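Here's a quick briefing to read alongside the structure. Grab the viewer and follow along, topic by topic.

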Amino acid sequence: MLFDVTLKADPSHPSLTVVSVVGELDVATAPKLRQELVALAASSPAGVVVDLGGIDFLDSTGLGVLLGALKRARTAGFGFALANAEPQVARVFEVTRLVDILPLHPTVAEAVAAIVEA
Amino acid sequence: MGEIRLEIPARPEYLSLARQVVAAAAAVEPRFRSERIDALRLAVSEATTNAVQSHADLGSGERIVITCDLDEERIEVEVIDRGGGFDPDELPAVPEPGDPERLEFERGLGIPIMRELTDESEIRPSPEGTAVRLVVYRSEASAERSRTDPAVDAPDADVRDGGE
């Protein structure tokens, strides 16, 4: 199964890191994303945006990884935001009401703006 | 009515296959709405994830069995494991999203998701393992009709409800 995680600096705010995830995020693939996000949190980033646009499936394990990343961000004091979720992925956040604490921004630029303006 | 039976090794890398097979089985009935198939795909994945975990906890090498029973109104899926079994009523409640404690719970959402996304769900634990039964109707309207009058079989429903 194709699954990939890439990190790059946001072009307009290079101190922010954009994490792009491609594939299906479940218990088989979540450890790889968790590993990347844990390492990123330890590198004292100014902020992290996870681009979910390449994810066509996300389950409760994937949600748990994103929730863990939010917790680390709050503890370390950096901004964390999600962007670009497909409708079937957004639905999982809505069903679990996690959208209340993990807002989904329509685009990466809007997620970056939310962190910068916070 | 047709039944499909899939046996998979109890390993995470087979979850994707289980999802694909169940979604493809539902799609055999062209009137199944795509958001309903997405809901089924996720519910089955959660049930199968729990099954894989329960086999891992026991070190069991047995396979997980997934059956799909499809008719023109609904699909019924069973996920049967040979793990230790568990009592769903004894699971800890996940705090509300606004509760600061919510961030301490990275797990525990699988069963609430299963229940929320299906029209019927049942978890049957036994000493031999757990069977999870999930039912999804082809549309909201079809599910609603089954709730109000389970005896009615409505193959001509599209005529009455405007071709959903």
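In chain B, take the contacts between residues at least 6 apart in sequence: 64% of them join residues at least 24 apart. Keep in mind that this is a predicted model. Below, chain B's layout comes up first, then the core, the chain A sheet with its helices, and finally where the two chains meet.

**Chain B at a glance**

- Chain B's secondary structure adds up to five helices and five strands.
- Reading from the N terminus, the elements of chain B go β-α-α-β-β-α-β-β-α-α.
- Chain B has 164 residues, and 35% of them count as buried.

**The E2–E3 hairpin in chain B**

- Strand E2 of chain B covers residues 63–70, and its side chains alternate between two faces.
- On one face of E2(B) you'll find B:Ile64, B:Ile66, B:Cys68 and B:Leu70, which are buried.
- B:Arg63, B:Val65, B:Thr67 and B:Asp69 point the other way and are not buried.
- E2(B) runs antiparallel to strand E3 (residues 74–80) of chain B, and six bridges join the two.
- The link between E2(B) and E3(B) is a hairpin of three residues.
- If you want a landmark in this pairing, B:Thr67 sits opposite B:Glu78 in E3(B).

**A stop at B:Glu116**

- B:Glu116 belongs to helix H3 of chain B, which spans residues 110–117.
- Is B:Glu116 buried or exposed? Neither quite fits: B:Glu116 has 16 C-beta neighbours inside 10 Å, so it counts as partly exposed, since that label covers counts between the exposed limit of 12 or fewer and the buried limit of 20 or more.
- B:Glu116 and B:Ala56 lie 60 residues apart in sequence, with 26 Å between their C-alpha atoms.

**The nonpolar core**

- The largest nonpolar core holds 72 residues.
- The residues with the most contacts inside this core are A:Val49, B:Val22, B:Ala26, B:Leu40, B:Ala43, B:Val44 and B:Val77.
- Helix H2 (residues 34–58) of chain B puts in the largest share of this core, with nine residues.
- What does B:Ala26 touch, leaving aside its neighbours within four places in sequence? Its contacts are B:Phe32, B:Ile37, B:Leu40, B:Leu70 and B:Ile75.

**The sheet in chain A**

- Chain A has an open sheet of five strands with mixed pairing, in the order E1-E2-E3-E4-E5.
- Strand E1 (3–9) and strand E5 (104–105) of chain A are the edge strands, each pairing on one side only.
- E1(A) and E2(A) run antiparallel and are joined by seven bridges.
- Six residues lie between E1(A) and E2(A) in the hairpin they form, and A:Ala9 has A:Thr17 of E2(A) as its bridge partner.
- E2(A) then pairs with E3(A) in the parallel sense, over nine bridges, with A:Val22 opposite A:Gly54 in E3(A).
- Strand E3 (residues 47–58) of chain A also pairs with strand E4 (residues 79–83) of chain A, again in the parallel sense, over five bridges.
- In that pairing, A:Gly47 stands opposite A:Gly79 of E4(A).

**Helices on and around that sheet**

- H2(A) lies across strand E2 (16–25), E3 and E4 of chain A, and runs at about 150° to E4(A).
- H3(A) lies across E3 and E5 of chain A, at about 110° to E3(A).
- Helix H1 (residues 30–41) of chain A packs with H2(A) at an angle of about 5°, their axes 10 Å apart. That angle is why H1(A) counts as roughly parallel to H2(A).
- On the H1(A) side, the contact is made by A:Ala30, A:Leu33, A:Arg34, A:Leu37 and A:Ala41.
- H2(A) answers with residues including A:Val65, A:Gly68, A:Ala69 and A:Arg72.
- By class, this contact of H1(A) with H2(A) has eight nonpolar, three polar and two charged residues.

**Where the chains meet**

- 22 residues of chain A are in contact with 21 residues of chain B.
- Helix H2 (60–76) and helix H3 (87–95) of chain A each supply at least two residues of the side of chain A that touches chain B.
- Which element gives the most to that side of chain A? H2(A) does, with eight residues.
- Sorted by class, the side of chain A that touches chain B has ten nonpolar, six polar and six charged residues.

Key:
Residues are numbered from 1 along each chain as its sequence is written. Chains are lettered from A and ligands numbered from 1 in the order in which they are written. This is a predicted model: local features need pLDDT of at least 70, side-chain atom pairs count only at pLDDT 80 or more; totals for chains, interfaces and linings use all residues. Helices (H or I, at least four residues) and strands (E, at least two) are DSSP runs, numbered from the N terminus. Two residues are in contact if their C-beta atoms, placed from the backbone, lie within 7 Å. Ala, Val, Leu, Ile, Met, Phe, Trp, Tyr, Cys and Pro count as nonpolar, Asp, Glu, Lys and Arg as charged, and the others, Gly among them, as polar. Two strands pair if DSSP finds at least two bridges between them. Axes are lines fitted to C-alpha atoms, for helices over the stretch in contact, and angles run from 0 to 180 degrees between N-to-C directions. Angles under 35 degrees count as roughly parallel, over 145 as roughly antiparallel, 65 to 115 as roughly perpendicular and the rest as oblique. A nonpolar core is a set of buried Ala, Val, Leu, Ile, Met, Phe, Trp, Tyr and Cys residues joined through C-beta atoms within 7 Å.
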